[in-house]
Amino acid sequence: MTTIESPLKEPLPPRESMEVDVVIVGGGPAGLAAACRLRQLATDHQFELSVAVVEKGAEVGAHILSGAVMDTRALLELFPDAKNQGAPLDTPVTEDDVYYLYSAHGALKIPSALVPKATHNHGNYVISLGNMCRWLGQQAESLGADVFPGFAASEVLYGESGQVIGVATGDMGVGANGDIKDSFARGMELRAKYTIFAEGCRGHLGKQLMQQFKLNTSSQHYAIGLKELWDIQPELHVPGKVVHGFGWPLNSSGCSGGGGFLYHAANNQVVLGLIVDLNYQNPHVSPYDELQRFKTHPLIKQFLQGGKRVSYGARAINKGGLQSIPKLTLPGGVLVGCEAGFMNYAKIKGSHTAIKTGMLAAESIFSALHIGDTGGKELSSYPQKFRDSWVYDELWHARNIAPAMHKWGMLIGSAYTFIDQTLLKGQAPWTLTDPVPDHQTLKPAKLCAPINYPKPDGILTFNKLESVFVSNTNHEEDQPCHLQLKDPNIPITQNLPLYDEPAQRYCPAGVYEIIQESTGPRFQINAQNCVHCKTCDIKDPAQNINWVVPEGGGGPRYPNM
């Protein structure tokens with residue numbers, strides 16, 4: 001693993017420390033479900049157990065982004081009376097349609113019988129996953145867990161034998177040049193018997209652990225999900241209507257996988273978005289601009305007439321499936337949720353598997369501590385619980401879909417999916433693989449056709465800076481850049497001549513720019529714009545960009561997303 005020099009110019013005082021039994025990194029569905037389950041078990045067994053959750057967002061839910069149509073199976077296992085307890089399950093799915101967008105104006109509705117059973121959504125709910133996490137955070141606190149938003153876990157702590165013994169939160173008040181400011185506050189060490197890593201897709205600490213403990217068994221694969229929230233005219237609103245579409249505009253840009261969605265949520269709102277697989281080959285592709293084009297299709301545009309966009313965000317998602325899940329345990333720690341890549345590609349869902357794996361990890365840790373375990377061990381019971389669970393069964397049945405899409409594209413991949421899921425019911429006697437990581441798929445720019453994206457109109461389509469504004473993204477400007485270049489020369493000397501520096505386009509927030517100056521081109525990083533999607537960390541062809549946590553509380557502040 002490449003070590004990047006600290007920007008600090010002077011020695012720091014020692015950090016204060018806090019001892020807990022279990023520390024959880026990340027206040028998403030997996031981490032909060034783990035906290036709730038640990039405290040439920042502690043109460044049931046009258047066992048003293050301290051649990052702390054650290055969340056880098058300014059509040060729980062601030063950084064949570066998902067479609068989202070929720071399968072409530074895991075939630076109801078955790079809280080059987082969740083709806084009566086106030087869980088935000090207000091909009092059951094009422095219509096569930098899938099379309100093939102064969103052109104910029106045409107769409108073909110896919111008969112329900114041809115849509116894989118796992119993709120059907122009746123019985124599910126259109127939700128805000130951010131609001132669901134806010135509710136889960138309240139439940140965790142009411143059960144006795146400590147939840148600390150605004151604190152970014154920046155470092156893993158290790159014991160004498162190399163075992164994980166907790167995490168440290170980042171220092172606050174360090175200037176961009178490494179100077180200590182008047183507002184300086186030292187980070188805190190949270191020392192624990194066991195640490196649950198639930199940072200979400202491409203977690204900063206999880207990535208380090210996978211390298212250090214050699215947890216990866218095969219290449220993970222990713223997509224970027226881009227989302228907008230709109231207030232629409234009441235007469236156009238159909239509560240619970242779910243629309244999925246594949247084909248245009250991605251097929252016209254040479255993208256091999258992905259698709260769009262539009263969900264009618266509560267309160268005359270729709271959530272819409274586009275998922276773009278990050279194995280695309282044309283470096284001229286801009287996922288953000290593909291989303292803007294997607295909205296102009298009549299299937300989507302019809303619902304937005306007279307409406308107003310109120311929020312925007314983007315986040316990378318895991319899509320490698322069962323074959324890409326790493327080893328889940330290390331001495332003193334476990335990986336849960338999207339940190340490990342438990343998304344079910346067939347369902348286009350990961351929140352239910354995140355909640356369930358958080359629960360499974362919690363049960364394994366509690367069982368160990370309850371019999372006197374002092375921590376620091378590798379918990380073999382957790383991966384066994386996963387293998388024995390419905391999560392494993394779901395992912396096994398869906399294991400061939402993502403590799404098929406990668407190998408053959410959406411049309412042939414969809415035909416294969418019908419055979420695999422409908423005719424073979426997910427029990428094909430083979431397992432497809434895709435060993436090529438997403439950052440290695442780009443072709444040289446000179447071999448690819450440029451893409452002329454339409455200029456935004458400011459009504460239906462918008463530029464990146466307008467979108468960053470409505471994501472409520474903010475960082476303390478005078479702090480070390482959290483987008484670190486291992487070699488600052490590579491963007492200009494390597495990526496620009498080979499790929500026309502694709503960071504200008506794959507970033508959905510305008511973070512990266514090539515500035516033409518009298519002395520030549522310069523690579524500029526506008527870290528203030530970063531929405532924490534992690535796409536740069538994944539797609540950069542030189543793997544030169546290392547995303548690390550900024551000061552706690554920075555980044556987007558998503559409302560109702």
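These legends go with an overview and four close-ups of a predicted model.

**Figure 1. The whole chain, with its 14 helices and 24 strands.** With a radius of gyration of 23 Å against the 24 Å that the globule rule gives for 561 residues, the chain is as compact as a globular protein of that length. Along the principal axes, the C-alpha atoms fill a box of roughly 65 × 60 × 50 Å. Buried residues account for 61% of the 561 in the chain. Take the contacts between residues at least 6 apart in sequence, and 78% of them turn out to join residues at least 24 apart. On the outside, the accessible surface is about 22000 Å², and carbon and sulfur atoms contribute 52% of that. As for charge, there are 46 positive and 54 negative ones, and their mean positions sit 6 Å apart.

**Figure 2. A cis peptide bond between glycine 67 and alanine 68.** Most peptide bonds are trans. Here, though, omega is near -10°. To find the spot, follow strand S2 (51-55) out into the loop that leads to strand S3 (69-70); alanine 68 is in that loop.

**Figure 3. A cis bond leading into proline 249.** The partner on the other side of the bond is tryptophan 248, and omega comes out at about 5°. Proline 249 belongs to the loop that links strand S15 (241-247) with strand S16 (258-264).

**Figure 4. Asparagine 472 and its positive phi.** Most residues other than glycine have a negative phi. Asparagine 472 goes the other way, with phi near 60°. Look for asparagine 472 in the loop that runs between helix H11 (464-470) and strand S21 (483-485). Is this residue buried or partly exposed? Asparagine 472 has a relative accessible area of 40%, so it counts as partly exposed.

**Figure 5. Glutamine 543, another non-glycine residue with a positive phi.** Phi is about 50° in this case. The setting is a loop once more: glutamine 543 lies between helix H14 (535-539) and strand S24 (545-547). Its relative accessibility is 21%, and because buried means under 20%, glutamine 543 is classed as partly exposed.

Key:
Residues are numbered from 1 along each chain as its sequence is written. This is a predicted model: local features need pLDDT of at least 70, side-chain atom pairs count only at pLDDT 80 or more; totals for chains, interfaces and linings use all residues. Side-chain values use heavy atoms; hydrogens and water are left out. Helices (H or I, at least four residues) and strands (E, at least two) are DSSP runs, numbered from the N terminus. Buried means under 20% relative accessible area, exposed over 50%, partly exposed in between (1.4 Å probe, protein chains only). The radius of gyration is taken over C-alpha atoms; the globule rule is 2.2 Å times the number of residues to the power 0.38. Contact means heavy atoms within 4.5 Å. Accessible areas come from the Shrake-Rupley method with a 1.4 Å probe; for residues, only the protein chains shown count as cover. Lys and Arg count as positive and Asp and Glu as negative; His and the chain ends are not counted. The place of a charge is taken as NZ of Lys, CZ of Arg, CG of Asp or CD of Glu.
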